[in-house]
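Let's take a walk through this protein together. Have a look at the model first, and then we'll go through it piece by piece.

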Amino acid sequence: MNVNKDLNYVFTLSRQWLWIFGIWPDPRIPLREFRRPNIRFIIIACTVCLYVTTPQMMNVIRAWGDVSRMVENFASANFSLLAFCKLIVTWYHGEKLRPLMASIMDDWMTSTSDWERNTMLKIARRGRSLSFRCCIAATGTIIFYISFHSLRLFKNIHEPHRHLVYRLENIQKSPTYEITYFIQLSGGTYSVLANYTIDCFVSILVLHVCAQLINLRTTLNNLVNELASKSISSTRFREGIAAIVERHEHLIRNAKTIDGCYSSVLFVHVLAATFQMCVITFQVFTIITDNLKVPFVRMIFLTFYVSAVLTNLYAYCYSAERLVAESTKMAYGVYECKWYDLQAKDVKNLMFIAYRSTIPLRLTAGKFGMFSLEMFAMTLKTSMGYLSALLTMRD
């Protein structure tokens, strides 16, 4: 397999969509060209911001006092604002992400051992599995989102007063109305795709670091076993330990770079996911209790929408939980190898790795919290608490 095929296998659909959005951090592009904002990025970012986020935030203000309308407008504004933030952050930190992509390419090119490649493939399959789950939820959301609003457009095409996807101004004149409707529909689609692709991209970056930590732990174990069996000299062992320590520090820097680039927007993501689950559940509860006649297509859309929000959040929590586990296992790897068969001066060299591994690598939400499966459960619990408050305000 060449590097291009490896990257396609690891990043699946994320690579293509990030390229379409103009934010794929390709290290093979000259830096002077990379620094120029891509025209595709400018168009998509402006579409999401001006035609989806801004109108819905204005509609939240207009609907002040009407809880049901405020919640409905806030849900789409919240989701599109999150997509806009992720697009901006990924583009802004593109220069920092380029070395990460170069490192991933080097890892796939320099992995000559079967066990190294098998480990990378095993972790990559986990990332692909998460990506496909997010893809199914995103695809379902987009299909029913477009279906619902397309049916609404054809139903009201000859009405004297027609509504846009997101209320903007009193635009009724053709073809301005149709063009604006299509742009808003595209903006909503871009929001779903941007959230899906960037979430999968970050999760796969984290999982790749996990795969390299597993390989590093295995390399350390093999090196200690070789010295214990007198297959290599003490000098060769120290050179190997120095290379392992250097590689360990490189992986730590990569993990910190990912966290540094996305920590702030992930804080927004946790807040947004909490409110999204709250407001969507509120909408479903309102539909059921008030016996509202809602189109079947919209109900299916809400189902896929909930799935998309949950799977995207779960992708972060799973990959971050795996990162914590694999980074701390480096210390256990030192303990589990045959260090007791080594001389005291050689055992001391292992202490650098063991001591450094006591500090776990993390993916944080604005430095206020650490992503984990526990955070996933806490987010759901908090959103249900906010739902109770919303229902109280409504009553």
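pLDDT is the predictor's confidence in each residue, on a scale from 0 to 100. You need that here, since what you're looking at is a predicted model. The protein averages a pLDDT of 84, with 95% of its residues at 70 or more. Confidence bottoms out in helix H2 (residues 31-34), with a mean of 67, and peaks in strand S1 (residues 364-365), at 90. Where pLDDT is low, don't read the predicted coordinates in detail.

Now find helix H7, residues 176-228. With 53 residues at 1.5 Å each, H7 should span 78 Å, and its end C-alpha atoms are indeed 78 Å apart. Of those 53 residues, 40 are buried, so H7 is largely enclosed by the rest of the structure. Just past its end, lysine 230 has a positive phi of about 65°.

What does H7 hold on to? One partner is in helix H4 (residues 67-92): lysine 86 there and aspartate 199 in H7 are 113 residues apart, yet their side chains meet in a salt bridge, 2.6 Å from N to O. Lysine 86 counts as buried because its relative accessibility is 1%, and aspartate 199 does too, at 0%.

Further along, arginine 217 forms a salt bridge with glutamate 326, at 3.2 Å. Arginine 217 sits in H7 and glutamate 326 in helix H9 (residues 296-336), so this pair ties together parts 109 residues apart in sequence. Glutamate 326 also bridges to arginine 322, at 3.0 Å, about one turn away in H9. Together, Arg217, Arg322 and Glu326 make a salt-bridge network.

How values were computed. Residues are numbered from 1 along each chain as its sequence is written. This is a predicted model: local features need pLDDT of at least 70, side-chain atom pairs count only at pLDDT 80 or more; totals for chains, interfaces and linings use all residues. Side-chain values use heavy atoms; hydrogens and water are left out. Helices (H or I, at least four residues) and strands (E, at least two) are DSSP runs, numbered from the N terminus. The expected span of a helix is 1.5 Å times one less than its number of residues. Buried means under 20% relative accessible area, exposed over 50%, partly exposed in between (1.4 Å probe, protein chains only). A salt bridge is a side-chain nitrogen of Lys or Arg within 4 Å of a carboxyl oxygen of Asp or Glu.
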